[in-house]
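Work through the three exercises below with the model open. Try each task before reading its solution.

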Amino acid sequence: MNNFTFHNPTKIIFGKGTIPKLKDELSIDQKVLLLYGGGSIKKNGVYEQVMQALSGYDIVEFGGIESNPQYATCMKAVQVVKNESIDFLLSIGGGSALDATKFIAAAALYESGDPWNFMNDWDSIKSALPLGCVLTLPATGSEANPNAVISRAETGEKLAFINAHVFPQFSILDPETTFSLPERQIANGVVDAFVHVMEQYMTYPVNAPLQDRFAESILITLIEEGPKALQNPRDYDTRANIVWAATLALNLLIGVGVPQDWQTHVIGHELTALYGIDHARTLSIILPAVLKHQRRSKDDKLVQYAQRVWGAREKDREKLIDIAIERTVGFFKQMGAPTSLGDARLTFDDVPKVAPTLEKRGANLGEHGDIGAKEIAEILQMAATA
Ligand code: NZQ
Ligand code: ZN
């Protein structure tokens, strides 16, 4: 096992009817900015619950944060934070509202020029306003991690940053808030969480059986619960299991002391930035191609995954690897997610900018750092058809 430091300061408040606990986390003399997306919270009762919990507080609102949140939108919110002398940022919604909130929290106190600079220089963030969230979409794990992903339309970029100052102080996870999710977002969330685990698991063994079993248990839970949420959207226990699985998939725990990959995410972010495909749908398109492309270098883990996650009993290693890839594709299809560029009505020739853009950024992807522009083009070629 590799050396590591693990520190996760986010308080998780989980369960039915937990939104009123907001008042235990916020002091009445803090001026709070509520940040949210396109309005789902006003249709499903979450906004009302928050306003009721915070009645008597000094509250300012900033709505309209788009999916794949934009730098320009975040900068408008930074202005509100400054004009209104805001003390605390409260995100209500999915990963996009929360990632934007993290950017705004850091940008509001940034002293090294244009806040976009910190997207390429994470350590230049020296402080951030405190933030918390009421999460309504289990997917990103943003509710318990220091990561955020922000897009910039003028430059066609979609970049991640990681900095411990933007860990949420608390996250309220009430699975009932997820009842109103449309099928596509249920599927997106399950697929995103699944791929987060795969990015930290599907590499090579380093004799870390506990991390492996954590990862496998989350994968099995998502495989069992994901289809149930599509069939019976108002089943509380199913939703609760998915919410907790998605949080644990990316709260940093399962990735400590083990190699990590993240090439599916980096390539996927380009597909979103350049062609507007939903985040999770880029992952279900790219991951199967990555597994096919790297079936040699990931062979030990592919065999273990076929046996432990999919229960395959075959003796032949090549057959087990085939099963690992086929079952992964089958699960994504069961969730209604695309598994090839073709499923998203695209061909290899439609995505010519991905490999050169990543090359310009000096991409050396994968757990061995050996996936460059040539390999990315090969992966996209493999992703063209299922
Ligand atoms: O904007 P509103 O009206 O709220 O509607 C949203 C949006 O249209 C809707 N929604 C959310 N909760 C709902 C709901 N609709 C009905 N009922 C509810 N309870 O769902 C749509 C998608 O929301 P969004 O927040 O965009 O989705 P998600 O949580 O999947 O976040 C995606 C973003 O997170 C980034 C992605 O790249 C993308 O930008 N990621 C962030 C990560 C992190 N911070 O650690 C890691 C991930 O890998 C990912 O890259
Ligand atoms: Zn993701």
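**Exercise 1: The N-terminal surface**

M1 sits in the segment ahead of β1 (11–14); strands (E, at least two residues) and helices (H or I, at least four) are DSSP runs numbered from the N terminus. This is a predicted model, with pLDDT of at least 70 required for local features, 80 or more for side-chain atom pairs, and all residues used for totals of chains, interfaces and linings. Residues count from 1 along each chain as written, chains are lettered from A and ligands numbered from 1 in written order, and side-chain values use heavy atoms, without hydrogens and water.

Task: classify M1 as buried or exposed.

Solution. M1 has 54% relative accessibility, so it counts as exposed. The cut-offs are under 20% relative accessible area for buried, over 50% for exposed, and partly exposed in between (1.4 Å probe, protein chains only).

**Exercise 2: The zinc site**

Task: find which residues coordinate the zinc ion (ligand 2), and state how they are spaced in sequence.

Solution. Step one: the donors are D192 (OD), H196 (NE2), H265 (NE2) and H279 (NE2), at 2.0 to 2.2 Å. Donors are N, O and S atoms within 2.8 Å of the metal (3.2 Å for Na, K and Ca); water is not among the atoms, so sites may look incomplete. Step two: the spacing reads D-x3-H-x68-H-x13-H. Step three: H196 lies in helix α6 (residues 183–201) and H265 in helix α9 (residues 263–275), so this pair ties together parts 69 residues apart in sequence. Both H196 and H265 are buried.

**Exercise 3: Domains**

Task: state where the domains lie in the chain.

Solution. Domain 1 spans 11–177 and domain 2 spans 183–384; the bounds come from an automatic or database domain assignment.
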